[in-house]
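Visitor: I should like to go through this model and ask, for each term, on what grounds it is applied. Could the guide begin with the enclosed space?

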Amino acid sequence: MADLIRAAGTLELDGDDLRAAAAMLGVVLSDPLSALEPMTPLPVPMAPSPSATAASPGADVHTAEGDPRPVRRVRVTLVEGPVSAPPRPLRGSVHNLLPPAPAPRPAEPLFSPWHERAILSTLAKVRCPGPEVDTPAVTRMLARREAIVAMPVLAEPTTRLGARLWVDYGPGMRLFRRDLRWLAAALRRVVGQDAVRVEPFRDTLPERAAGAVLVATDLGIGAGSPIPPTAWPPDVVFLVPYPRSRWPAWAARLPVLQWDRRTTAGQAVRR
C-alpha cells in the first residue's frame with residue numbers, strides 16, 4: 001500500500017490509472033459506494049405499556065427515564081451499484097510509472113574546447129624566415145666589413161608550411177580511435193583543410209617532412225610498442241593520453257605533452 005501511495009503522489013494517478021497501478025502492485029481497491037436510498041421509517045409495534053395512549057401511534061416512549069420523546073427505529077439498506085469494468089492493463093512494468101532517467105552526457109574530446117585552438121595553433125607552428133630584417137646581424141656584418149650577399153631576416157613562428165599528424169594505430173590506442181578522429185578534425189580547422197596530412201603508423205614511423213609534426217601515441221604504455229625508444233625523432237611533438245606518472249623514463253628527452261582536458265596553451269609553449 002505504501003508503494004501505491006508513493007506512485008499515486010509522484011505520478012498524480014487517479015481513476016483507471018490508479019486501479020491499474022494497484023493491480024500491478026497486488027493491491028485490490030474497492031469500488032466507491034453507490035448513492036444510498038433515502039431512509040424510510042419502519043413500522044414499530046406498540047409496546048404494551050399503560051402510558052402508550054399518550055404517545056403517537058407507531059412510536060415507542062421512554063417511560064423508564066421519563067423522556068416522552070418518541071424513538072424511531074430506522075433500517076438502512078445498502079444497494080449494490082453497477083459492476084465496474086476491470087482495471088485497464090498497463091503496458092510494460094512498474095518502471096514505466098517512474099520518471100525517465102536523465103540522458104547520458106555526450107562524449108567530449110580530450111582537449112578542452114576553451115584551449116583546443118590555442119594548443120594546436122602553438123604546436124603546429126615552426127620557425128621560418130620572416131619579412132623583418134635582422135638589424136643586429138646586419139650591423140655586425142658591416143662592422144666586420146663583410147659583403148651582404150643575402151639580407152639576414154628574423155625567424156617567426158608560422159603554420160604556412162602545414163602540419164602532419166602521425167596517428168598510432170597500435171593496440172594500445174584502440175580506446176582512443178574516436179579521439180584521434182576529433183584531433184585530426186580540430187587540427188584541420190586550425191591549420192587548414194588541405195594543409196594537414198594524417199599518416200597512420202603501427203610498426204614503423206613515417207618519413208619526416210617539412211612542417212610541424214604531431215604524434216598521437218601512447219609510447220607503448222597501453223600494450224607495448226614494437227618501435228624502439230631510439231627511433232622516436234626528437235624534433236616532433238608527442239601527444240600522450242596518459243598522465244606523466246605513467247610515461248617511460250626515456251620519454252624525458254622528447255617534447256611530450258599530456259593529451260588531456262587539463263592541458264593549457266601555456267603548457268604547450270613550455271613543452
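Visitor: Which element gives the most to the lining of the largest cavity?

Guide: Helix 5 does, with 3 residues. The lining as a whole consists of P109, L110, F111, E116, D179, W182, L183 and W259. The model is predicted, and helix 5, residues 177-191, has the highest mean pLDDT among the elements of the protein chain, 93.

Visitor: Why is this space called a cavity?

Guide: A cavity is a set of points where a 1.4 Å probe fits but cannot get out. The search of the whole structure finds 1 cavity of 30 Å³ or more, and about 50 Å³ of space lies in the largest cavity. That space is therefore closed to the probe by definition.

Visitor: How do you know which residues of the cavity lining count as charged?

Guide: Asp, Glu, Lys and Arg count as charged. The lining includes E116 and D179, and its division is 6 nonpolar, no polar and 2 charged.

Visitor: What makes the other space a pocket?

Guide: A pocket is an open set of points, with protein on both sides within 12 Å along at least five of seven lines. The largest pocket has a volume of about 240 Å³. Of its 13 lining residues, R244, W247, V256, L257 and Q258 are the closest to its centre. Strand 9, residues 256-258, supplies the largest share of this lining, 3 residues. By class, the pocket lining has 8 nonpolar, 2 polar and 3 charged residues.

Visitor: How do you know that strand 5 and strand 6 are paired?

Guide: Two strands pair if DSSP finds at least two bridges between them. Strand 5 (residues 163-168) and strand 6 (residues 196-201) are joined by 6 bridges and run parallel, so the condition for pairing is met. One of the bridge partnerships links R164 to R197 in strand 6.

Visitor: Why is the crossover between these strands called right-handed?

Guide: The chain passes from strand 5 through helix 5 to strand 6. The β-α-β crossover is right-handed, which means that, with the strands pointing away from the viewer, the path from the first strand over the helix to the second runs clockwise.

Visitor: Where does pLDDT stay under 50?

Guide: It does so over residues 51-62, for which the model has 21 contacts beyond four places in sequence. Strand 1, residues 60-62, has the lowest mean pLDDT among the elements, 48. The protein chain averages 77, and 68% of the residues score at least 70.

How values were computed
Residues are numbered from 1 along each chain as its sequence is written. This is a predicted model: local features need pLDDT of at least 70, side-chain atom pairs count only at pLDDT 80 or more; totals for chains, interfaces and linings use all residues. Side-chain values use heavy atoms; hydrogens and water are left out. pLDDT is the predictor's confidence in each residue, from 0 to 100. Helices (H or I, at least four residues) and strands (E, at least two) are DSSP runs, numbered from the N terminus. Contact means heavy atoms within 4.5 Å. On a 1 Å grid over the protein atoms alone, a cavity is a set of points where a 1.4 Å probe fits but cannot get out, and a pocket is an open set with protein on both sides within 12 Å along at least five of seven lines; lining residues have an atom within 4 Å of a point. Grid points are joined across faces, edges and corners, and a volume is the space filled by probe spheres set on the points.
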